[in-house]
Amino acid sequence: MLRKKFTLIAIDGGAASGKSSTARAIAKRLNYLYVDTGSHYRAVTYLMITKGINPEDPEAVVRCLKEIPFETKIMDQRALVYLNSNHPKESDLRSQKVNDQVSRFAAMSGVRKLLLTYQRNIASIARKQNFDGLIMEGRDIGSIIFPHADYKFFLIADLNTRIERRSLEGHEDSIEQRDRLDSIRHTAPLTCPQGAVKINTSRLTLDAVIEKISSIIESRNI
């Protein structure tokens, strides 16, 4: 029996646009491995904070990361990043300290270069673990990480909707500031990838977004 074609899906967008909830649900529905690249940059940020390394010293940041092994462990169809055999708790990754600094560390070209190789290699892990595909979400997936992904989606939502979503999640961070920093950084800025399907989630339920994306994927895979 021939195995189904392995499928790569890229979902990009700003904070609270609905990327994570949508990607997790589709991964479960289609037997794909789910990857949240935002958690990778949060893990790096948390590590730097605990080590007392300042984002004003990018050389020290990269030097530290080159000495630390990056590992991937799969839990409930999600690929988790382990730095030096440690994966921070979700509460640590979402702490105010990390929220305040993550965009600064994520803007470093050296950090993104190191994570680029790591993130691309997760596709091989998904294949070896017999997933039917991989769905990766972030801010540069369809433009940089997997520019030749089988499907690209770019989620947007108006600012008030995103602020309300963040508040309901119990998170406090400046969405406008993060958007600005992510959009103007020199390396892999936040942008709608070429050929991506743009979806405004402001007035759509999560189920509606999931159905919209799933229908596109499933119709083309028939």
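This report walks through the cores, two helices and several single residues of a predicted model.

## The nonpolar cores

Start with the inside. The largest nonpolar core has 38 residues. Within this core, M48, V61, V111, I122, L134, M136 and F146 touch the most other members. Helix α6 supplies the largest share of this core, with 6 residues. A second core, separate from that one, holds 18 residues. Among its members are I11, A27, Y34 and I210. Cores of this kind fit a general trend: in soluble globular proteins, nonpolar side chains tend to be buried together.

L134 gives a closer view of the larger core. Leaving out residues up to four places away in sequence, L134 touches F6, T7, L8, I9, Y32, L33, V35, I122, A123, A126 and F146. Two of these contacts, I122 and F146, are named with L134 among the residues that touch the most other core members.

## Helix α1

Helix α1 covers residues 19–30. This helix has 12 residues. From its first C-alpha to its last, α1 reaches 16 Å. That is close to the 16 Å expected at 1.5 Å a residue.

Which residues of α1 are buried? They are K19, T22, A23, I26, A27 and L30. Seen down the axis of α1, these buried residues fall within an arc of 130 degrees, so they line one face of the helix. The cover over them includes β1, β2 (32–36), β5 (133–138), β6 (151–156) and α10 (206–220). One of the buried residues, A27, also belongs to the second core.

Just past the helix comes N31. Its phi is positive, near 60 degrees.

## Helix α9

Helix α9 runs over residues 175–184. Its buried residues are I175, R178, D179 and D182. Seen down the axis of α9, they fall within an arc of 100 degrees, so they too line one face of their helix. These buried residues pack against α2 (37–51), α5 (96–106) and α8 (159–168). The face turned away from the buried side carries exposed residues, E176 and I184.

## Positive phi in two loops

Most residues other than glycine have a negative phi. A16 and S85 depart from that pattern. A16 is not a glycine, yet its phi is positive, about 65 degrees. A16 lies in the loop between β1 (7–13) and α1. S85 is also a residue other than glycine, and its phi is near 65 degrees. S85 sits in the loop between β4 (78–83) and α4 (90–93).

Are these two residues buried or exposed? A16 counts as buried because its relative accessibility is 12%, under the 20% limit. S85 counts as exposed because its relative accessibility is 52%, over the 50% limit.

## Two threonines

T201 lies in the loop between β7 (197–200) and α10. This threonine is buried, with a relative accessible area of 2%. Its side chain reaches the backbone oxygen of S17 at 2.8 Å. Setting aside neighbours within four places in sequence, T201 is in contact with S17, L155, I156, A157, R165 and V209.

T7 is placed in strand β1. T7 is buried as well, at 4% relative accessible area. A polar atom of the T7 side chain lies 3.4 Å from the backbone oxygen of K5. T7 is also one of the residues that L134 touches.

## Cysteines and R127

How many disulfides does the structure hold? The number is 0. C64 is buried, whereas C192 is partly exposed.

R127 is found in helix α6 (residues 109–128). R127 and F153 are 26 residues apart along the chain. Their C-alpha atoms are separated by 22 Å.

The table sets out accessibility values for several residues.

| Residue | Relative accessibility | Class |
|---|---|---|
| T201 | 2% | buried |
| T7 | 4% | buried |
| C64 | 10% | buried |
| A16 | 12% | buried |
| C192 | 31% | partly exposed |
| R127 | 40% | partly exposed |
| S85 | 52% | exposed |

How values were computed. Residues numbered from 1 in each chain as written. Predicted model: local features only at pLDDT ≥ 70, side-chain atom pairs only at ≥ 80, totals over all residues. Heavy atoms only, no water. Disulfide = S-S within 2.5 Å. Buried < 20%, exposed > 50% of the residue type's maximum accessible area, 1.4 Å probe, protein only. Helix = DSSP H or I, 4+ residues; strand = E, 2+ residues; numbered from the N terminus. Arc of directions from axis to C-beta. Contact = heavy atoms within 4.5 Å. Core = buried A, V, L, I, M, F, W, Y, C linked by side-chain atoms within 4.5 Å. Expected span 1.5 Å × (residues − 1). Polar contact = N/O pair within 3.5 Å; in protein donor to acceptor, adjacent residues only side chain to side chain.
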